[in-house]
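Dear colleague,

I am passing on to you the structure that we spoke about, with its sequence alongside. Please look through it first, and then read the notes below, which go from the whole chain to a few chosen places.

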Amino acid sequence: MKKRSVLLIISLLFCTFLQLLVELPRIHQIQIGQMEPDLKGIWSSIIKVEKISSNPTVSVSSGMSTSPVSEKLEVAYKLFGIFPLRSAEVEVMNPIKLVPGGQSIGVTLQTKGVMVVGQAPVVDKDGKSCFPAKEAGIQVGDILLKIENQEVKTDQEVSNAINLAGKEKGTAKVLFKHEEQTIEKVVQPIFCSETGRYRMGLFVRDEAAGVGTLSFVDPVSKLYGALGHVITDADTNQKIEVYNGKVIASTIYAIEKGKRGHPGEKIGSFIPNSVFSGTIEKNTITGIFGRMSGQIENPYFKEAIPVGWETEIKVGPAKIYTVIQGEKIEEFEVNIDRVMHNRTDSKNMIIRVTDPRLLEATGGIIQGMSGSPIVQNGKLIGAVTHVFVNDSQRGYGVFIQNMLNDSNQLTKKEAA
């Protein structure tokens, strides 16, 4: 009996020692068919995994062609399959295959409502400068939704509605969105002696446009993701709520090289007779999403490749695909310097450009490169997002699974 007690104590001490010595993951992801601890060497043969319970869940878009439903398992790590060391949560992922992008795209979108981007004085008949909207509480960054109970979608509609209300009533009811609140205020438009119209003293914008890069397309559903980050207004730096938008092919005709303190930029133009086009249905922290039609080709990938999940991404070499001249997609070498597993935004990896040819042409990561797909070990793991302002050779990348999580909401809407 005494021997058995001693053996039990020794076993417990050994298990405690193992927990300190071996880093056992508390949460990780595996592909279907796997059930092995994320360990190497001798530890993988003496530490076994045992399933405790399961919880089916959907972690990424169920609209993708391979129905990427995942299942979360509660598992226990056991020494020799007998002595418990630690429990963990494992997410078992169905395999997904996507076609990497790399195409240069032109992006145009119309805002949901009309965004206030500045205050403008209205000069009345006495020569006095007035700010009617500002005095009523309307601020830069607010979104104008309705004037006199009529929806406004363009800057011209705002101008006409205010002028008409000023003529007929001398006041105008303005419904607008301020941060997350919808507010209605009464504005007293002033007759502008310069323009001969009633105005409320605002600069507004109803659309945005720019150049970026396509990240991926699902070959069956034709859902796409691009940019890798949210589109914000250039003046207010606030997220643009999308009412309508599209992406088409663009061509790059010049590069403004990046340097310390000044990010570079792709300079391009939209192609009128684009071979592909897509809708913009969602603008999120990890990019824009919609459905694509037309011809999408990446010369480096004749067919879709597997998605690499967060836990598969390693520090080390990878490749990105982007356009630096015309419409030609090219492959360039980068290094993943750091993987940040605790972030859920679009800054999940630090990447560094190592390709001499890309460094010579662009100085590293530049504006317009956002969305360029990142491939490591034959798997699509993410997309380029931001450049470091003081070091253009380095920037951030977003996990592909975070982009897929955001696209999931799009397919949920379709299924409803």
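**The chain as a whole**

The chain contains six helices and 28 strands. Please keep in mind while reading that this is a predicted model, and that the values in this message were computed from it. Of the 416 residues of the chain, 47% count as buried, and the accessible surface comes to about 20,500 Å², of which 51% belongs to carbon and sulfur atoms. Among the contacts in the chain with a separation of 6 or more, 67% are between residues 24 or more positions apart.

**Helix H4 and its surroundings**

One helix that I looked at in detail is H4, which runs over residues 155-168 and has 14 residues. From its first C-alpha to its last, H4 reaches 20 Å, which is close to the 20 Å expected at 1.5 Å a residue. The residues of H4 that are buried are Val-158, Ile-162, Asn-163, Ala-165 and Gly-166. Because these residues cover an arc of only 165° around the axis, they lie on the same side of H4. On the other side of the helix are Lys-167 and Glu-168, both of which are exposed.

What do the buried residues of H4 pack against? Their partners are four strands, namely E6 (104-119), E9 (143-147), E11 (172-178) and E14 (197-199). Just after H4 comes Gly-170, which takes a positive phi of about 85°.

**Positive phi outside glycine**

Asn-149 also deserves a look, since its phi is positive, at about 65°, although Asn-149 is not a glycine. Asn-149 is placed in the loop between E9 and strand E10 (150-151), and with a relative accessibility of 49% it counts as partly exposed. Lys-222 is a residue other than glycine with a positive phi, in this case near 65°. Lys-222 sits in the loop between strand E15 (202-217) and strand E16 (223-226), where its relative accessible area of 37% makes it partly exposed.

**Aromatic rings**

The structure holds four aromatic pairs, and I describe two of them here. In the pair of Phe-191 and Tyr-198, the ring centres are 5.4 Å apart and the planes stand at 70°, so the pair is edge-to-face. Phe-191 is partly exposed, at 41% relative accessibility, and Tyr-198 is likewise partly exposed, with a relative accessible area of 23%.

The other pair is that of Phe-301 and Tyr-321, whose ring centres lie 5.0 Å apart with the planes at 70°, so that this pair, too, is edge-to-face. The pair links distant parts of the chain, for Phe-301 is in the loop between strand E21 (287-294) and strand E22 (305-306), whereas Tyr-321 is in strand E23 (residues 316-323), 20 residues apart. Are Phe-301 and Tyr-321 buried or exposed? Both Phe-301 and Tyr-321 are buried, and together with Tyr-300 they form one aromatic cluster.

A ring of another kind of interest is that of Phe-131, since Lys-134 lies over its face, at 5.7 Å from the ring centre.

**Residues brought together across the sequence**

Finally, there are two places where residues separated along the chain can be compared in space. Thr-311 is found in the loop between E22 and E23, and its relative accessible area of 25% makes it partly exposed. His-341 is 30 residues away from Thr-311 along the chain, and the C-alpha atoms of the two are separated by 8.2 Å.

Ile-267 belongs to strand E18 (residues 265-270) and is partly exposed, with a relative accessible area of 28%. Which residues does Ile-267 touch, if those up to four places away in sequence are not counted? Ile-267 touches Thr-251, Ile-252, Tyr-253 and Ala-254. From C-alpha to C-alpha, Ile-267 and Ile-252 are 5.8 Å apart in space, while in sequence they are 15 residues apart.

With kind regards

Key:
Residues are numbered from 1 along each chain as its sequence is written. This is a predicted model: local features need pLDDT of at least 70, side-chain atom pairs count only at pLDDT 80 or more; totals for chains, interfaces and linings use all residues. Side-chain values use heavy atoms; hydrogens and water are left out. Helices (H or I, at least four residues) and strands (E, at least two) are DSSP runs, numbered from the N terminus. The expected span of a helix is 1.5 Å times one less than its number of residues. Buried means under 20% relative accessible area, exposed over 50%, partly exposed in between (1.4 Å probe, protein chains only). The arc is that of the directions from the helix axis to the C-beta atoms. Contact means heavy atoms within 4.5 Å. Accessible areas come from the Shrake-Rupley method with a 1.4 Å probe; for residues, only the protein chains shown count as cover. Rings of Phe, Tyr and Trp (its six-membered ring) pair if their centres lie within 6.5 Å; planes under 30 degrees apart count as stacked, over 60 as edge-to-face and the rest as tilted. A charge sits over a ring if NZ of Lys or CZ of Arg is within 6 Å of the ring centre and within 35 degrees of the ring normal.
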